[in-house]
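Visitor: I have a structure open in front of me and would like to learn how its features are read, one after another. Where shall we begin?

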Amino acid sequence: MKIKYSLILPSYNEYGNLKLLLPKILKCFKGNNYQIIIVDDDSEDNTLSRLKVDFKRQKRIKYILRKKNRGLGQSIRDGINKSQGENIIVMDSDFNHRPEDLKIMIKFFEKKNLDMLCGSRFLKDGSSNTFFRHICSLIFNKFINLLTKGKLSDNLSGFFIIKKKFLKNDINKIFYGYGEFYIRLLFYMQKKEIEIDEIAVKYGLRKYGYSKSRLVRMLILYTIETIKLLK
């Protein structure tokens, strides 16, 4: 049977969240035409070994342990390279991206027969998990689109579905670093003029642990990376 979806979950010290998230994700798929790939950057909480015990009967869950060149973008790249699905889904492992939205996204992606579907906090019915972050991200997204002439409303969500074939030639120049990989991804995919649509998503709150993101540092880094795309 062909695998239709490969869902990639990059992880670092997210055992508590993934233990709760995985059962909810599994309910979003029908049949056996999917795989879930957890890509872990050698977590101190022994994420993979513990999950392998908890979900030992779930053959659709695959595990990748990374000990070198760690980072969000690189983790996603390794997940894509080792995936078998025709379509790639990427979402966070900490409930920032909600499984409720994932289920809706899959249905929408199939109904519209899209090349790529992006989750957006800035469409009607979308939201961030704090008002301050929502406003800062909204303003910064407008800045990104002004520089890149992009047309999408959320260049930072990192929650998406895409046909794998469109990543084949660009994977190494997109997936590295931190969350700025998503700015590069949207930039290059819009250049290809593939069929992209957006759907509203609501950001959730993490259940365990703490966020690795630091807003000011992120905005500086993302600005630098956006400017590099213009050269």
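Guide: Let us begin with the polar contact, which is a pair of N or O atoms within 3.5 Å, where one must be able to donate a hydrogen and the other to accept it. Please keep in mind throughout that this is a predicted model. Here the side chain of D94 makes such a polar contact with the side chain of R206, at 3.0 Å. A polar atom of the D94 side chain also lies 2.9 Å from the backbone nitrogen of N96.

Visitor: Where does D94 lie, and is D94 buried or exposed?

Guide: D94 belongs to the loop between β4 and α4, the helix of residues 99–112. Because buried means under 20% relative accessible area, D94 with its 13% counts as buried.

Visitor: How should I read a salt bridge, and how many salt bridges are there?

Guide: The general idea is a side-chain nitrogen of Lys or Arg within 4 Å of a carboxyl oxygen of Asp or Glu. By this rule the count comes to 14 salt bridges. One of them joins the side chains of D101 and R98, with 3.1 Å from N to O. The two partners can be read by their accessibility as well: D101 is buried, at a relative accessible area of 7%, whereas R98 is partly exposed, at 23%.

Visitor: Which residues do shared salt-bridge partners join into one network?

Guide: We can build up to that network pair by pair. The side chains of E180 and R184 meet in a salt bridge of 4.0 Å from N to O, and both of these residues are buried. Another salt bridge, at 3.3 Å, brings together the side chains of E225 and K228. These two residues are three apart in helix α8, which covers residues 215–229, so about one helical turn separates them. E225 is buried, with a relative accessible area of 8%, while K228 is partly exposed, with 45%. Through salt bridges that share partners, E180, R184, E225 and K228 are joined into one network.

Visitor: How do I read the sheet, and in what order do its strands come?

Guide: One reads a sheet by following which strand pairs with which, and here seven strands form an open sheet in the order β3-β2-β1-β4-β6-β5-β7, with mixed pairing. Its edge strands are β3 (61–65) and β7 (196–200), each of which pairs on one side only. From one strand to the next, the twist averages 20°.

Visitor: What does "mixed" look like around β4?

Guide: Strand β4, residues 87–90, pairs with strand β1, residues 5–11, in the parallel sense over four bridges. Within this pairing, L7 has I89 as its bridge partner in β4, and I8 has V90. With strand β6, residues 160–163, four bridges are also formed, but β4 and β6 run antiparallel. There V90 has F160 as its bridge partner in β6. The side chains of β4 are worth a look too, for N87 and I89 point one way while I88 and V90 point the other way, and all are buried.

Visitor: How are aromatic rings described, and how many aromatic pairs does a search of the whole structure find?

Guide: A pair of aromatic rings is described by the distance of the centres and the angle of the planes. A search of the whole structure finds eight aromatic pairs, and one aromatic cluster is formed by Y5, F29, Y34 and F109. Rings can also have a charge over them: the charged end of R50 sits over the ring of Y15, 3.8 Å from its centre. Similarly, R184 lies over the face of Y176, at 3.7 Å from the ring centre, and this R184 also takes part in the salt bridge with E180.

Visitor: Finally, what should I look for in the backbone angle phi?

Guide: Most residues other than glycine have a negative phi. A positive value in such a residue is found at D42, where phi is near 55°, and at D125, where phi is near 80°. D42 is in the loop between β2 (34–40) and α2 (47–54), and its relative accessibility of 30% makes it partly exposed. D125 lies in the loop between β5 (116–120) and α5 (131–148), and at 55% relative accessibility D125 counts as exposed.

How values were computed
Residues are numbered from 1 along each chain as its sequence is written. This is a predicted model: local features need pLDDT of at least 70, side-chain atom pairs count only at pLDDT 80 or more; totals for chains, interfaces and linings use all residues. Side-chain values use heavy atoms; hydrogens and water are left out. Buried means under 20% relative accessible area, exposed over 50%, partly exposed in between (1.4 Å probe, protein chains only). Two strands pair if DSSP finds at least two bridges between them. Axes are lines fitted to C-alpha atoms, for helices over the stretch in contact, and angles run from 0 to 180 degrees between N-to-C directions. Rings of Phe, Tyr and Trp (its six-membered ring) pair if their centres lie within 6.5 Å; planes under 30 degrees apart count as stacked, over 60 as edge-to-face and the rest as tilted. A charge sits over a ring if NZ of Lys or CZ of Arg is within 6 Å of the ring centre and within 35 degrees of the ring normal.
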